[in-house]
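Reader: I would like to learn how to read a fold step by step, moving from the sheet to single residues and then to the ligand. Could you take me through it?

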Amino acid sequence: MDIQSIKKSLEADIAGAQSAPELDAVRVKYLGRKGLLAQLTATIPSLAVEERAAFGKQANELKAHIVALLDEKQRSLGDRAAGPSRSGVDIGMPAIHQDVGRLHVLTQIIQEISEIFKNMGFIIVEGPEIETEFNNFTGLNIPLEHPSREAFDTFYLRQPAQATERLLLRSQTSPVQIRAMKTMKPPLAVVAPGRVYRPDAVDASHSFMFHQIEGFVVDRGITFSDLKGVLEYFARAVFGQDIKMRFRPHFFPFTEPSAEVDISCIICKQKGCSVCGRKGWLEILGSGMIHPNVFKHVGYDPAVYTGFAFGMGVERIAMLKYGINDIRLFYENDLRFLKQF
Ligand code: DAH
């Protein structure tokens, strides 16, 4: 083949190459060890001596031309090319996998529940995890001899001998009621999520640290029906519109009357299963009308104001909602668990 016909066929071949491997084949065809350029220069010794220099120069120009066309085409194939590019970056190589972060399932539940109450006009208030004995017990009308005050039910802090009041890790979020009522005046509608601590042995349903959400409303003329309406709206928003609800009489020192709230079992739809203990009902929270003694402790006149309060365990709500059977899963940070939410 002469120089002109090589040029012509090169242009056609380059135009036809649609991928890096195809372009490589073109490169080999022209520049390879047995390629067309090599065949051309192999004829030089057979030429007349005076023709050799000129022919060699033309062959060199042809080579430069081929290289230039190949490079240009390679650039135009650009990102579509696989394999190492001339810059040494292999754009066909799989990217380094990056896990995308997300909110912990408990954070998600706390946000979801807080949002439901915010939509009803509640504000979110947070209290400290280290509390005074007054806020955690006395202010909440929990008597001095109540077993929950014992060291085996509450973590007390080691304190200097001259300390005037015992400090503890709050065992419930209810002390936020005392803090909020002492610093704000009614009407009040407050939700307080946060960590609580109890010296429980860890098992599938107990942890020495867990989360609660406290809520309360105080104003003139607040009644038990307000409590029922608010909690029913909340439970349907979290567990679905078709659930049933019931209020069971109970006792809490800080509310009178008190009730525990059950929802119809969302797992078996009341046919009876191991989660509801074949009862068809699941307990989701404690509640009641705020005790007049609590109002006295914060300086509210119980003859003027009434209110309701409720408290729920966040882990318990999450376990029921998602069918999680071991509380320890929340704290072990196993990505296989966390990634599901
Ligand atoms: N503090 C209670 C507990 O930890 C939960 C609770 C029950 C909170 C009734 C309330 C309430 O505000 O009214 O078991």
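**Reading the sheet**

Author: In this predicted model, seven strands make up an open sheet with mixed pairing, and their order across it is 1-4-5-9-8-7-6. Strand 1 (123-124) and strand 6 (245-252) stand at the edges, where each has a single partner strand, so one side of each is left without a neighbour in the sheet.

Reader: How do strands in a sheet pair, parallel or antiparallel, and in which sense do strand 8 and strand 9 pair?

Author: In general, the strands of a sheet pair through backbone hydrogen bonds, and the pairing may be either parallel or antiparallel. Here strand 8 (residues 281-290) and strand 9 (residues 306-313) are paired in the antiparallel sense, over four bridges, and S287 stands opposite F310 of strand 9.

Reader: Which strands does helix 5 lie across, and which does helix 8 lie across?

Author: Helix 5 (residues 105-119) lies across strand 1, strand 4 (188-197), strand 5 (209-219) and strand 9, and runs at about 5° to strand 5. Helix 8 (residues 224-239) lies across strand 6, strand 7 (255-264), strand 8 and strand 9, and its direction is at about 150° to strand 8.

Reader: Turning to a single residue, is T132 buried or exposed, and with which residues is T132 in contact?

Author: The cut-off matters here: a residue is called buried under 20% relative accessible area, and T132 counts as buried because its relative accessibility is 18%. T132 belongs to strand 2 (residues 130-132), and once neighbours within four places in sequence are left aside, T132 is in contact with E165, R166, L167 and L168. A polar atom of the T132 side chain also lies 3.0 Å from the backbone nitrogen of N135.

Reader: How many residues surround the ligand, and which polar atoms lie 2.7 Å apart?

Author: The ligand is surrounded by 15 residues, of which the closest are Q172, S174, R198, Q212 and E214. For Q172, a polar side-chain atom lies 2.7 Å from a nitrogen atom of the ligand. An N or O atom in the side chain of Q177 is 3.3 Å from an oxygen atom of the ligand, while at F310 a polar backbone atom is 3.4 Å from a ligand oxygen atom.

Reader: Finally, which domains does the assignment give, and how far apart do their C-alpha centres lie?

Author: The domain assignment divides the chain into domain 1 (3-87) and domain 2 (105-338), and the C-alpha centres of domain 1 and domain 2 lie 79 Å apart.

Note on methods: Residues numbered from 1 in each chain as written. Predicted model: local features only at pLDDT ≥ 70, side-chain atom pairs only at ≥ 80, totals over all residues. Heavy atoms only, no water. Helix = DSSP H or I, 4+ residues; strand = E, 2+ residues; numbered from the N terminus. Buried < 20%, exposed > 50% of the residue type's maximum accessible area, 1.4 Å probe, protein only. Polar contact = N/O pair within 3.5 Å; in protein donor to acceptor, adjacent residues only side chain to side chain. Contact = heavy atoms within 4.5 Å. Pairing = 2+ DSSP bridges. Axes fitted to C-alpha atoms, helices over the stretch in contact; angles between N-to-C directions. Domains from an automatic or database assignment. Near = heavy atom within 4 Å.
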